[in-house]
Amino acid sequence: MTVLQRARSLIGLPVVTLTGDDIAEIKDVVFSVAAAQILGFTLNGRGFLSGPLKESLPWSAVHGLGRDAVMVRSADALQAAEEVLAGASPVDRNVIGNRVLTDGGTDLGEVSDVVLALGTKPEIVGYEIGGSENLRAREGRHLYIPLPDTIAVSGEALVVPAAAAEYIRDDLSGFGGAVDDFRARLRKEKP
Amino acid sequence: MRFREVKSRPVVDLTTATRVGTVTGLAVDAGVRRVVGLRMGRRGKDGSLAWEDLAAFGADAVTFDGGDRGPLAETGEGWVDEGDLLGRRILSEQGNELGSVVDVEFDPATGRVEQVVGTAGPIPAPAVLGVGTYALVVDESVEPGPPTG
């Protein structure tokens with residue numbers, strides 16, 4: 001069973017080499033909306049007095065993403081920050097806060113986080129959304145919508161197929177099943 | 001044989017037939033593949049012996065041939081002391097915590113590490129990718145082999 005995790009909960013996790021050294025910790029997650037992927041992570045040093053590092057961790061250099069650490073093959077995985085972030089414009093990078101609309105024009109709220117499937121080949125499987133009049137989650141819960149394979153970006157809004165709205169869930173553990181069902185449906189609908 | 005069993009075992013010089021100290025800890029290489037030496041006295045202050053210098057690792061004593069050695073040398077380049085190993089966090093190659101190190105099992109005839117005993121169960125030596133400042137990293141896909149005799 002795939003373990004799902006919200007990308008922003010990676011913040012603060014140690015970056016550990018395969019030989020067991022903690023070389024940094026996750027400061028922030030950098031997304032590319034247009035490519036619907038994570039570009040990489042900005043980093044802080046380890047230790048209470050450590051500030052941000054000049055280096056960042058590109059997504060391609062992540063060996064594994066787990067509940068307790070982000071694993072890299074070696075310290076060589078860290079690269080100059082500008083190179084890591086070069087893949088997207090500033091607007092592109094900011095998926096958090098974007099509105100989500102269906103192609104039928106229904107407002108589904110704002111993106112508050114990105115949901116990842118963990119493991120050695122981590123991938124984005126959906127968004128956490130909230131704040132829409134049209135959807136109401138149970139007390140204290142967030143809503144999750146699976147990611148379709150194409151996302152249209154219109155200004156600051158992401159446009160998703162109306163079908164995706166049928167797979168919205170408000171619990172992360174049940175959301176894994178919804179992702180699988182949504183993808184199976186997309187595969188069936190492909191010509 | 002386990003690290004915790006070896007504590008307080010006497011170390012005997014065969015040439016003089018005298019006890020020169022007591023084992024307070026063992027050391028391994030960074031890859032946790034073999035025992036590379038032992039320490040005597042608190043924090044190794046009574047000296048260290050490299051594995052190659054030992055004659056035998058017996059159930060009752062560890063022996064070595066002092067010959068015309070002078071005072072025991074301060075060896076230990078690249079050694080990982082058991083203080084840095086026992087209690088160390090165990091992390092899977094995928095980034096999930098698997099408990100911590102409780103003990104290490106090794107072959108007293110060769111010094112080869114056979115398994116690392118963790119709070120969640122034994123880890124066969126080939127699964128250990130290394131030990132560093134933060135954790136002992138383990139490849140979870142390596143299955144334990146048949147038990148050794």
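**Entry 1: a salt bridge in chain A**

I started with A:R6 and A:E128, whose side chains form a salt bridge, N to O at 2.7 Å. This is a predicted model, so I am reading computed distances here. I then looked up where the two partners sit: A:R6 belongs to strand 1 (residues 4–6) of chain A and A:E128 to strand 11 of chain A. The pair is 122 residues apart and links distant parts of the chain. Side chains of opposite charge can pair when their charged atoms come close. I also ran the search over the whole structure, and over all chains I got 13 salt bridges.

**Entry 2: where chain A meets chain B**

How many salt bridges cross the interface of chain A and chain B? I found 0 by the rule. Polar contacts are another matter: I count 12 residue pairs across this interface, both residues at pLDDT 80 or more. On the chain A side, I checked which elements give two or more residues to the surface touching chain B, and they are strand 2 (14–17) and strand 6 (62–65). Sorted by class, that side of chain A has 8 polar, 6 nonpolar and 5 charged residues.

Next I looked at the extent of the contact. Chain A brings 19 residues and chain B brings 15. Together the two chains bury about 1,200 Å², with 51% of that on carbon and sulfur atoms. I wanted the top contributors in chain A, and they are A:L18, A:D68 and A:M71. These three supply 31% of the area chain A buries against chain B, more than any other three residues.

**Entry 3: the second largest pocket**

I went on to the second largest pocket, which holds about 220 Å³ of space. Its lining has 14 residues, and nearest the centre I find A:T2, A:L4, A:A117, A:G176 and A:D180. Which element gives the most to this lining? I get helix 3 of chain A, with 7 residues. Strand 11 (123–130) of chain A also supplies at least two, as does helix 3 (172–189). By class I noted 7 nonpolar, 4 polar and 3 charged residues in the lining.

Definitions and conventions. Residues are numbered from 1 along each chain as its sequence is written. Chains are lettered from A and ligands numbered from 1 in the order in which they are written. This is a predicted model: local features need pLDDT of at least 70, side-chain atom pairs count only at pLDDT 80 or more; totals for chains, interfaces and linings use all residues. Side-chain values use heavy atoms; hydrogens and water are left out. On a 1 Å grid over the protein atoms alone, a cavity is a set of points where a 1.4 Å probe fits but cannot get out, and a pocket is an open set with protein on both sides within 12 Å along at least five of seven lines; lining residues have an atom within 4 Å of a point. Grid points are joined across faces, edges and corners, and a volume is the space filled by probe spheres set on the points. Helices (H or I, at least four residues) and strands (E, at least two) are DSSP runs, numbered from the N terminus. Ala, Val, Leu, Ile, Met, Phe, Trp, Tyr, Cys and Pro count as nonpolar, Asp, Glu, Lys and Arg as charged, and the others, Gly among them, as polar. Contact means heavy atoms within 4.5 Å. Buried area is the accessible area (1.4 Å probe) that two parts lose on being put together, summed over both. A salt bridge is a side-chain nitrogen of Lys or Arg within 4 Å of a carboxyl oxygen of Asp or Glu. A polar contact is a pair of N or O atoms within 3.5 Å; within protein, one must be able to donate a hydrogen and the other to accept it, and residues adjacent in sequence count only if both atoms are side-chain atoms.
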